[in-house]
Structures are given as C-alpha cells and as structure tokens.
Amino acid sequence: MNRSKRSFLKIAGCSVVGGLGLAWNSPLVQLEGTSTEKLPTALRAKTWGMVIDLKRCREKKGCTACIEACHKAHNVPSINNPEEEVKWVWKESYEHAFPTQAHGKQSRSLLEHPVLVLCNHCENPPCVRVCPTQATFKRESDGIVMMDQHRCIGCRYCIVACPYGARSFNWQDPREFLAGDINPSFPTRTKGVVEKCNFCAERLAEGKMPACVEACEGEGGALVFGDLEDPDSRVSRILEERYSIQRKPALGTDPRIYYVV
Amino acid sequence: MHNAKAVGLGILIFLLLGTFPFWWGWLQESSSEPPEIALPEGGTKCVESREYMRALHMDLLNDWRDTVVRKGERVYVSSSGERFRMSITGTCLECHKSNDEFCNRCHTYVGVSTTCFDCHVETFVPPGKDDRTLVVQETEGTTKGSEGLRPVEVQRSR
C-alpha cells in the first residue's frame, strides 16, 4: 500500500472531526439544560446559630425531649458503653462545658444542673482544617459544619481536633443497635465513619426547624434557632438583649451556639 | 523436530491454560445470558433518557449525592425541564421498587458492589411527607419556583 503523506493526513483529520461530531451529539456525553435548585420551601439564612437558655432548661429538670427527638430523627444508636457511644446532643456538667468560667463559689443551681451541648458549628472549625478528604466541611451558604459520610475514611483526625468532643466514631454497625426501629426519613451510618450534629440540614432543606428546637417548643422553649446575620431574627434579638457566653472562646473557634446562663 | 514430546506437552498445557475461561465457565455452568431485572412500576419515564441512564446512571447519582450533601440543593431539573427530588431512595426506588431485584442483579452480574443501602434506608420517607402544608404548597405550586415540581407524594400508592 502506497499512500502519500498528504492523503494520510486528510483521512486522519476527517476522522478526528467526524468522531468528535458523533461524540458531541451522543446523549452519553452531555446533558443539556440540567440544573439543580433548592426546594421552594427551604429555610434560608446567611449563618445559622442557636441560643440555649440555660435558665429555662433548668426549670425542666431531667427533660430529655431534645435529645430523644434528635436521636430518633437521625437514627443515632443508643450504645451503653461510654467508649463506643454515639451522640449528637447530650448533657455535660457545667464545669466540663465551661471549664474556664467555672469556679468554686458559683451558684449551686448552675453547678448542679447539666448543660446541653452539641456541635458548635464554629466559624473557624478545626475539624474542617484537619480532614484529609474534605468529608467534613463548612457550608459557605449558611455556615453549617457538615459531614459527607460518603467521603469519610474514618481516620478520626476531626475527633482529635474538635475541642468540644462533639464527634462520635462508629466502632460498630449502628443498625444492630437500632434493631428495627429505624426512622425511614434519614439514612443510618455504617461502621467506620464519624458523625455529629448537622443542625438538621435535611429538615431546613424541607422548611422545618431542627428536631431539637421543635421538641423543645412544647417544653419551655429553651432552644432558639435562627439567622445570626439577620438583626430581626429571634436569636439576634436575644443576643442583643441578654448576656451570653460561648464554650471555650479563648480557642478562637467562635462557636455558633450561644448560652444564656 | 527436536524434543517433540516436550514441545507437544508444552503446547497442550498452553492450550489448556489459554482456554481456561471457556472450559471453567462451562464446568461451573455459568451463563452469559444477561440478568433479568425487575422492570419499573408506576412511573412512565425515568429522570433522563433510557440510554443515558443505562450508561451513566452512576455519574448522575454521584452528582446528585454531591449536590444534596455539599450544596444543600434537593431539586433536579432534568434535560426535559421536569423537576425531581434528588433522592436515590425517595425518587429512584419509587419506580424501581427493589435494590435486590433491580440494582443488584446487574451489579452482581458485572462484578460491581455498591454500598448505597448500607446506610440509606430502602423504605425512605422524605421528611416533608407527614407535613400536609408542605405537600399542598408543593403540589398546587403556590410557592414561587415550585411550578412543575413533581413531588413524590403525588404518585405514591403504597
């Protein structure tokens, strides 16, 4: 076969153009006109935050409505072993929650009543800085510190980095501890990933307040949730009017959970 | 020919090894017939064309996953302009009823293992489902931007 360089180049050029044309028209290469959007009912905010009124919380001594609602909503398994337990919202003693603020002469009502704690959804989250896969990230749109369970490799750097102990590791398959009591509105997790409070991102997307806040409404309304950037929101007004504290402020994480003591 | 015996034996061994996939498969009574998957029930068409879904459903699902988890957006506007909730359990399984009879039959056949349902619950109910006001808003399109949103509530027959 004797083909000139010129004819070879012609054929090669035509083949490339033809191939690209075919590929361009193929439905497998591109979908035109697709997009994504939020549900029309979604709640929106620049920075979500929460105020916990400890006085109201103290008035309902022993109340666990928020914890139960959260753990039920998110399929958090109840494991009795403290080394392997999983928790999103829980109670901590005052001196553990606020180690730099507690002193021996503090009012007994403060020291004797546990403080409700959860992920602080920090402005500067140390967990996000250390995550090697960006499985945990801060959502730029509303400041929620999220977990992408699909990306979590279970290295637990974030657990070490979080100064609030807000993260739990699944040492065991959580489904064994949910035993047929799985809430079908939310996925479970699997053995080997880290989890924590997600500020009910899945409920906000549907237009609902967080499960703990909703549960607390009927129990004295100690939990208030809203947009910290909106000066007219209830959280902003409470923070304007009352004296509030954050957990471990000296660390510079700037928590988005505020406590009114 | 030198060493005719050894060469012959070598050729025989080579042929035996070379045809291993054929006679091993025959001995195992495996079949090259494609698996029978459960056909979808309920819906009339998928979120995208059949050709696209067959070839690239995994890309679509990965995009959905990242968009929902990382961007917080839950509505997909398809290439034909229809709106769907981005949810493997809430939308896909609405028609393709069973992970075992639909997804896994093909995946097992081609040797792919998926882990979706290790966490996702097959009997998924979207959080808005028990909230009547939300359902009414979505179906009647009274809220801005909700025109044409096809909420799964409408079609559910369970």
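1. First, the term everything below leans on: two strands count as paired if DSSP finds at least two bridges between them. Keep in mind, too, that this is a predicted model.

2. With that in hand, have a look at the sheet shared by the chains. Three strands make up an open sheet in the order β1(A)-β1(B)-β2(B), and the pairing is antiparallel. The edges are taken by β1 (35-37) of chain A and β2 (83-85) of chain B, each of which pairs on one side only. On average, neighbouring strands here are turned by 30° against each other, ignoring direction.

3. Zooming in on chain B's part of that sheet: strand β1 (residues 75-77) of chain B runs antiparallel to β2(B), and three bridges join them. That clears the pairing rule, because at least two bridges are required. If you want a residue pair to click on, Tyr76(B) has Phe84(B) in β2(B) as its bridge partner.

4. Now for charges. Over all chains, the salt bridge count comes to 20. One worth showing is Arg256(A) with Glu123(A), whose side chains meet at 2.7 Å, N to O. This pair ties together distant parts of the chain, with the two residues 133 residues apart. Arg256(A) sits in the loop between α11 (234-241) and β10 (257-260) of chain A, while Glu123(A) is in the loop between β4 (115-118) and α6 (126-130) of chain A.

5. Over on chain B, there is a patch of negative charge on the surface, where Glu41(B), Asp100(B), Glu101(B) and Glu122(B) gather. One of these, Asp100(B), belongs to helix α5 (residues 99-109) of chain B.

Note on methods:
Residues numbered from 1 in each chain as written. Chains lettered and ligands numbered in written order. Predicted model: local features only at pLDDT ≥ 70, side-chain atom pairs only at ≥ 80, totals over all residues. Heavy atoms only, no water. Patch = residues over 30% accessible without salt bridge, like charges linked within 9 Å, V, L, I, M, F, W, Y side chains within 5 Å. Areas by Shrake-Rupley, 256 points an atom, 1.4 Å probe, with all protein chains shown as cover. Salt bridge = Lys/Arg side-chain N within 4 Å of Asp/Glu carboxyl O. Lys, Arg positive; Asp, Glu negative; His and termini not counted. Charge placed at Lys NZ, Arg CZ, Asp CG, Glu CD. Helix = DSSP H or I, 4+ residues; strand = E, 2+ residues; numbered from the N terminus. Axes fitted to C-alpha atoms, helices over the stretch in contact; angles between N-to-C directions.
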